[in-house]
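Here is a friendly set of questions and answers to read alongside the model. Take a look at the structure, then work through the turns below.

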Amino acid sequence: IALTVHNGDVVRSSDLGRTWEVGEVVVDGQKNFLGAIHHDARSGAFLVTGQAGIVARSPDGVSWTSQTRALRGQSRGLLQDSRVGLITFGSGGMVASSNDSGAHWTTARDPAEAPLREVLAAPRGQALVATSRLGDLLRSTDAGRSWQVVTPNYPNPNTPPDLRGLVATPSQDALVAVGPPGAILRGSGDGTEWRVVVWHEIDAERAFPWVMMDRSRNTLVAVEARGALQISRDGGSSWHRRDLPGKLERGELPFWQGSVLETRGVMLVAGEAGRAARSIDGGETWQIIDTGSGENLYGSFADESTGQLFLAGSRGTLLISGDGGVTWRGLESGTDQELRRFHRDLRSRALLCFGARGALVVSHDDGRTWTPAASGTEGVLRKTMHEPGTNHLLLVGGQGTLLRSTDGGRRWEKIDTHTTRHLTSIAADKDS
């Protein structure tokens, strides 16, 4: 009897379950997440499948050898069919079969439903690129009608990063994606080729939830949740570490996001319980600042037109700074809901701030006063952009929400997306 364990162990009994011994499946020097085990009567061997398409075999459940890595995605089960042979299935609807005891596999259905984070028009070529929570990137060259999966070669395929941030480099010749557990990727300008430039194993407790840039100084900053920021000045090809001041307890991950006020040369990062820090030398040194708030700060905004900085967070928190982030004061937002993101409307010059449970507030005086606007949804509002051709506002969020405003955010109409799935990002195809 053999049982798989998610961490790559196999528990085995050779006396009908009276006693047990623990072994491990090590392939190419690594333990792998295991999803299923099966005894193949045809070959008389055990087969296991799991993360990153691994298939390994063992004659006795003790020693294991790699059978193939032809499968893509995470396998969650193995079945035996008298006509087809072996069938494996997994995340995203992956289905594949083998008629030679797992040596070769034919894919009947590729994984198609990776939870997605961001979507962006590639700076080169005619492509849209999207990032996922499972480390894959998707690419479309037909304005989003069809998508192809691009899977980078990760040092450890069992812990693919949750790619939360995606930006084009300041020179517009490459792409950079970042995410937990501590990965930074650099992609070609058309999104076809990707390489890992910074990597941390999961036990290093590193995470990059955000990436920001100073275009005028050709600088990229990957915000690291424990304050070990990564800085690049060559378009994401190489990175060096700069730490925020102070010590953190194990497990603390207090820094989540940031903004750059390019005209003043100020960088800002913020996060848990009002914590924030600023830099005025391109990220080389940082100073902890007092925001005067104990609320979680989920979003920030650098207003280049006025030189002001804003922070937003839990319980309707809105903060403003007019001196480059040195001092802060609170604003009445008109809501007690969590606020996360900002946007400046190009046509009306209105400022928008939005977040959880459809919360949406608008300012028409450069952020001095704010007024709630009815969004008509209870979903989390995630991201906004200007509609191509009209520059009207589009806003997407949870429960399939797509909103449109033609008057600077005062009134919103709901557009039917014919889905209740949560929308996390929006982008325009520049060529269509």
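Q: Which residue is the bridge partner of Phe310 in β32?
A: This is a predicted model, so let's start with how its strands line up. Strand β31 (residues 308-313) and β32 run antiparallel and are joined by 4 bridges. Within β32, the residue that partners Phe310 is Ile320.

Q: In the hairpin of β31 and β32, which residue takes a positive phi?
A: The two strands of this hairpin run antiparallel. There are 4 residues between them. The one with a positive phi, near 55°, is Arg315.

Q: Leu318 and Ile320 point one way from strand β32; which residues point the other way?
A: Strand β32 covers residues 318-321. Leu318 and Ile320 share one direction, and all four of the strand's residues named here are buried. Pointing the other way are Leu319 and Ser321.

Q: Which residue in β33 does Leu318 stand opposite?
A: Besides its bridges to β31, β32 pairs with strand β33 (residues 329-331) in the antiparallel sense over 3 bridges. In that pairing, the residue in β33 opposite Leu318 is Leu331.

Q: Which residues touch the most other members of the largest nonpolar core?
A: This core has 15 residues. Strands β18 (165-168), β19 (174-179) and β20 (183-188) each supply at least two of them. A second, separate core of 13 residues includes Phe301, Phe310, Leu318 and Phe342. Back in the largest core, those touching the most other members are Val129, Leu137, Leu163, Leu175, Ala177, Leu185 and Trp194.

Q: Not counting residues up to four places away in sequence, which residues does Trp194 touch?
A: Trp194 belongs to the largest nonpolar core. With residues up to four places away in sequence left out, its contacts are Val129, Leu137, Val150, Pro152, Leu166, Leu175, Ala177, Leu185, Arg186 and Gly187.

Q: Why does Trp20 count as partly exposed?
A: Trp20 sits in the loop between β2 (9-12) and β3 (21-24). Together with Ile1 and Leu3, Trp20 makes a nonpolar surface patch of about 300 Å². Buried means under 20% relative accessible area and exposed means over 50%, with partly exposed in between. Trp20 therefore counts as partly exposed, because its relative accessibility is 41%.

Q: Which strands are the edge strands of the open sheet β38-β39-β40-β41?
A: In this sheet 4 strands follow that order with antiparallel pairing. β38 is joined to β39 (residues 393-397) by 5 bridges, and Thr384 stands opposite Leu395 in β39. An edge strand here pairs on one side only, and the two that do are β38 (381-386) and β41 (413-414).

Methods: Residues numbered from 1 in each chain as written. Predicted model: local features only at pLDDT ≥ 70, side-chain atom pairs only at ≥ 80, totals over all residues. Heavy atoms only, no water. Patch = residues over 30% accessible without salt bridge, like charges linked within 9 Å, V, L, I, M, F, W, Y side chains within 5 Å. Areas by Shrake-Rupley, 256 points an atom, 1.4 Å probe, with all protein chains shown as cover. Salt bridge = Lys/Arg side-chain N within 4 Å of Asp/Glu carboxyl O. Buried < 20%, exposed > 50% of the residue type's maximum accessible area, 1.4 Å probe, protein only. Core = buried A, V, L, I, M, F, W, Y, C linked by side-chain atoms within 4.5 Å. Contact = heavy atoms within 4.5 Å. Pairing = 2+ DSSP bridges.
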